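Subject: Handover of a structure

Dear colleague,

Please find below the structure that I am handing over to you. After it, I set out what was found, topic by topic.

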Amino acid sequence: MANQSQLSNNERTPLLGDISNNSIDENGRDATTEDDFAHLNNQFKTWRRRRWVSLVVSIVLILAFVIILILSGVLSRAQRKPGMSSPLCLTPACIHAASEVLYNLSPDYQSVDACTNFDTLVCDGFNNRHDIPQDRGSYSTGTIMSENGQTTLRHILESPYPTASKHSSFSPQNLVKLVASTDEENFLMIQEAYNACMNETTLQGIGVAPLVSLIEEVATSFPVAEGALDQPLEQADYAALSDTILLLEQIGITSFVGLAAGADDKNPDVVIIQAYPAGLVLPSPEYYEDNDTLSTYQSMLGEVFATLLPTNSSKSSAKQLAESVVDLEKKIAAATPPPEDQSDVTKYYNIVKVADAGKIGPAIGLDSVVNALIPGNYTADSMLLAFPEFLGNVSEIVSQASKSTVQSYLLWHLIRVYSSYVEGAEIQPITRFFNVLSGKDPDTKTERWKTCVSYIDSTLGWILSRFYIEAAFSDDAKKYGDQIIMDIKQQFITKLNGLSWMDDSVKMLAVNKVNNIDQKIGFPTTSPNITNPEALQAYYSGLTISESHFNNTLSSNAREVNRTWSTLGKPVDHGEWGMQADIVNAYYNPVGNEIVFPAGIMQFPVFELGLPGYVSYGAFASVAGHELSHAFDNSGRHYDEHGNYTDWWTNNTVQEFDKRANCFVDQYSNFTVQGNDGELLHVNGRLTLGENIADAGGISAAFAAWKDRTASAPDESLPGLDFFSHEQLFFIFYGNWWCGKTRKEQAIQYIYTDPHSPAFARVLGTTANSRAFRESFNCPVKEPTCELW
């Protein structure tokens with residue numbers, strides 16, 4: 001990682017004291033008298049005697065220090081476990097890494113049974129020294145990494161343009177004058193947007209007025225006569241409803257059905273129209289079955305409607321309209337497919353004619369919406385319609401609702417999204433409700449700078465990423481990341497070739513798929529090329545940034561919608577990334593057959609240069625192996641080496657895979673979290689299957705890759721951790737990545753919605769499925785509980 005505190009040449013400390021007062025004669029010689037020379041001669045003799053005394057004392061001290069080091073080394077080696085005879089790393093980076101892990105370990109780590117309570121061993125210290133911040137539903141190692149990244153972004157946004165930076169080839173000092181000017185213009189754009197967001201005084205003075213104007217525009221598009229509260233929705237209203245759904249889509253708001261343009265699963269070089277179930281505001285359908293939650297939700301909605309609905313009659317009927325909107329959402333929730341089905345390509349992939357989509361859901365008029373969104377030079381013939389029955393059911397539900405209910409529902413979706421960009425008492429009930437839903441204090445508010453940093457990241461994220469890379473990433477880090485991922489690929493190929501249950505014909509294709517995986521590390525260099533200021537400026541062309549935070553949001557959302565739909569009729573751009581460079585995360589994209597690792601996750605304690613290999617291999621290589629394993633999980637296995645959704649496995653191999661995958665389903669379904677009223681909620685082993693398979697495959701490949709790397713060049717040891725072998729430290733650094741705490745309410749939400757298992761289950765389940773872990777800690781049972789890769 002680049003050192004951000006490097007001193008420039010003109011800031012070095014002088015080797016000698018100040019010599020500026022020396023007297024020089026006209027011939028350039030020192031103007032010193034004979035007396036001065038005599039005096040200096042006496043001083044010199046005194047100085048020489050003192051120098052010899054000092055030298056003798058120094059030699060004695062050095063010998064004593066060496067003897068102490070030798071004795072301490074002998075004692076240390078005598079106490080170490082087998083495999084810990086390597087030299088000690090005492091660099092600042094190693095001392096820091098060791099201290100962080102020691103802080104996170106249980107104070108009783110020497111007596112905790114790693115085989116049964118590894119999460120306790122690794123994370124008890126973390127839990128003891130960290131409380132969940134008031135504005136968060138959870139807090140973890142990943143959160144801390146993200147907050148460190150946010151602080152870096154804040155410093156970027158609140159500092160002048162880094163004119164003097166020489167960090168890389170695209171740094172200001174290394175750009176030609178014209179390009180440097182464009183780079184500075186880009187920088188000033190993100191600063192202007194940030195400052196508009198940070199200007200709370202102006203936002204409070206404006207209040208909810210911009211939101212009210214938008215509400216009136218949407219209400220005009222789908223009008224309800226004054227006082228006609230119970231007027232039924234009729235077929236004659238369908239066109240206006242379709243137009244209003246379109247209006248919301250154009251400013252980035254999803255209503256009954258989600259719409260997008262993306263790669264075709266069966267033809268990954270072609271962009272197609274996609275539609276999928278949507279329509280809910282609460283986190284999942286299960287929340288609509290909880291009467292207490294619905295009662296609180298309805299009460300909040302009544303408060304909001306009483307101040308923000310467009311007419312006096314609708315405001316006076318706020319409670320009744322709130323009840324009818326909640327009832328409408330409740331019916332949509334009952335028709336919504338479970339999340340594990342929504343992520344299953346074999347269930348969601350349905351191609352229909354666009355005209356037929358209009359017939360399936362006549363009240364929604366999806367065909368009209370799509371035809372208005374597509375580019376003028378594109379003909380919309382077919383589209384991917386996930387779960388056509390959902391569209392049909394929602395259309396029927398809407399057709400039976402009152403016109404005022406449908407209008408209020410649409411306005412609520414508008415308010416829910418855009419209330420985040422205004423300030424006022426009218427929107428406070430929304431904040432309080434969702435705070436409570438996540439287990440936070442009702443009146444908790446995130447620090448404004450954090451909100452605005454996240455806002456810039458989501459609107460002008462690639463420009464911000466360009467300056468983040470300048471501050472927090474290096475070419476050496478990218479090279480090390482590439483090395484780790486190549487090691488993972490090699491280990492995965494070795495594992496595939498050694499499988500007894502996979503047919504040889506499938507093995508050959510699977511190896512081709514691994515070799516064909518595109519690995520993207522750090523930041524994008526195409527679509528856009530963030531190292532090119534002119535390319536970044538072109539990418540954000542059409543975006544208007546002003547002093548109005550609300551208008552900036554409207555402009556950004558509209559631009560992004562246009563950018564997405566303009567891809568129709570063009571080849572899929574495989575140079576695009578789905579995450580900004582600062583994001584602490586990674587992903588596998590099956591349609592692109594690519595694994596992506598933003599620079600944000602390539603930071604300590606997951607990844608760092610200059611530390612023993614078991615640190616970065618235990619954490620980052622496990623993440624890399626996790627993402628690669630997704631190529632062969634219950635979803636990724638359906639895609640071939642080119643990202644095509646196709647049937648390329650033999651029946652026998654599928655049966656053997658399913659048998660082993662079901663082991664993971666059963667294993668993780670036994671993990672529980674505390675629910676409401678003391679009940680235990682079980683992890684959804686089917687929903688989390690892909691992530692659990694990837695965790696197991698990732699750590700297996702990472703351990704094997706690390707062992708190969710250290711066979712010829714053993715790692716150094718970390719100070720204070722000689723109780724553990726290097727093999728054990730590999731798993732400790734893996735577990736350290738998952739240390740965290742979650743509020744009960746947030747944990748419940750994750751159970752219903754998150755395809756990842758709770759963090760403690762990811763530690764316990766993954767280590768139970770690792771033969772290397774069980775052998776490293778000498779567990780009684782060495783066989784993994786479940787194993788695929």
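Four strands form an open sheet in this predicted model. Their order is β2-β3-β5-β4, and the pairing is mixed. The strands at the edges are β2 (257-264) and β4 (351-353), each of which pairs on one side only. From one strand to the next, the twist averages 40°.

Two of the pairings show what "mixed" refers to. Strands β3 and β5 run parallel and are joined by three bridges, whereas β4 and β5 (residues 382-385) pair in the antiparallel sense, also over three bridges. Within these pairings, some individual partners can be located. I273 has M383 in β5 as its bridge partner, and V352 stands opposite M383 as well. K353, for its part, stands opposite S382 in β5.

Which helix packs on this sheet? It is α15 (residues 366-373), which touches β2, β3 (267-277) and β5. The direction of α15 makes about 55° with that of β2.

Next, I would draw your attention to helix α8 (residues 238-250). The helix has 13 residues, and the distance from its first C-alpha to its last is 18 Å, close to the 18 Å expected at 1.5 Å a residue. The buried residues of α8 are Y238, L241, S242, T244, I245, L246, L247, L248 and E249. An α-helix has 3.6 residues a turn, so residues three or four places apart point the same way. When you inspect the buried positions, you may compare L241, T244 and L248, which are among them.

What covers the buried residues of α8? The covering elements include one strand of the sheet described above, β2, and the helix that packs on that sheet, α15. They also include α7 (209-221), α16 (388-399), α17 (403-418) and α24 (549-565). Just after α8, G252 takes a positive phi of about 85°.

One residue of α17 illustrates this covering. L410 is found in helix α17 and is buried, with a relative accessible area of 0%. Leaving aside residues up to four places away in sequence, L410 touches L241, T244, L248, S255 and F256. L410 and L248 are 162 residues apart in sequence, yet their C-alpha atoms are 8.4 Å apart in space.

I turn now to the aromatic residues. A pair of aromatic rings is described by the distance of the centres and the angle of the planes. How many aromatic pairs does a search of the whole structure find? The search gives 42. One of these pairs is formed by W501 and W789, with 5.4 Å from centre to centre and 45° between the planes, and it is tilted. W501 lies in the loop between α21 (475-497) and α22 (504-516), and W789 lies in the segment after α31 (771-776), so the pair ties together parts that are 288 residues apart in sequence. Both W501 and W789 are buried.

A second pair is made by F597 and F620. Their ring centres are 5.5 Å apart and their planes stand at 65°, so this pair is edge-to-face; the angle is over the 60 degrees that this class requires. F597 belongs to strand β8 (residues 594-598) and F620 to helix α25 (residues 613-629), and the pair links these distant parts of the chain, 23 residues apart. F597 is buried at a relative accessible area of 0%, and F620 likewise counts as buried at 0%.

Ring pairs also build a cluster, which consists of F118, Y614, F703, W706, F730, F731, F733, F773 and F777. In addition, two arginines sit over rings. The charged end of R416 is over the ring of F434, 3.8 Å from its centre, and the charged end of R559 is over the ring of Y539, 5.0 Å from its centre.

Finally, some totals for the protein as a whole. The secondary structure comes to 31 helices and 11 strands. Of the 789 residues, 51% are buried. Among contacts with a separation of 6 or more, 75% are accounted for by residues 24 or more positions apart.

Yours sincerely

Note on methods
Residues numbered from 1 in each chain as written. Predicted model: local features only at pLDDT ≥ 70, side-chain atom pairs only at ≥ 80, totals over all residues. Heavy atoms only, no water. Phe/Tyr/Trp six-rings, centres within 6.5 Å; stacked < 30°, edge-to-face > 60°. Helix = DSSP H or I, 4+ residues; strand = E, 2+ residues; numbered from the N terminus. Buried < 20%, exposed > 50% of the residue type's maximum accessible area, 1.4 Å probe, protein only. Lys NZ or Arg CZ within 6 Å of the ring centre and 35° of its normal. Pairing = 2+ DSSP bridges. Axes fitted to C-alpha atoms, helices over the stretch in contact; angles between N-to-C directions. Contact = heavy atoms within 4.5 Å. Expected span 1.5 Å × (residues − 1).
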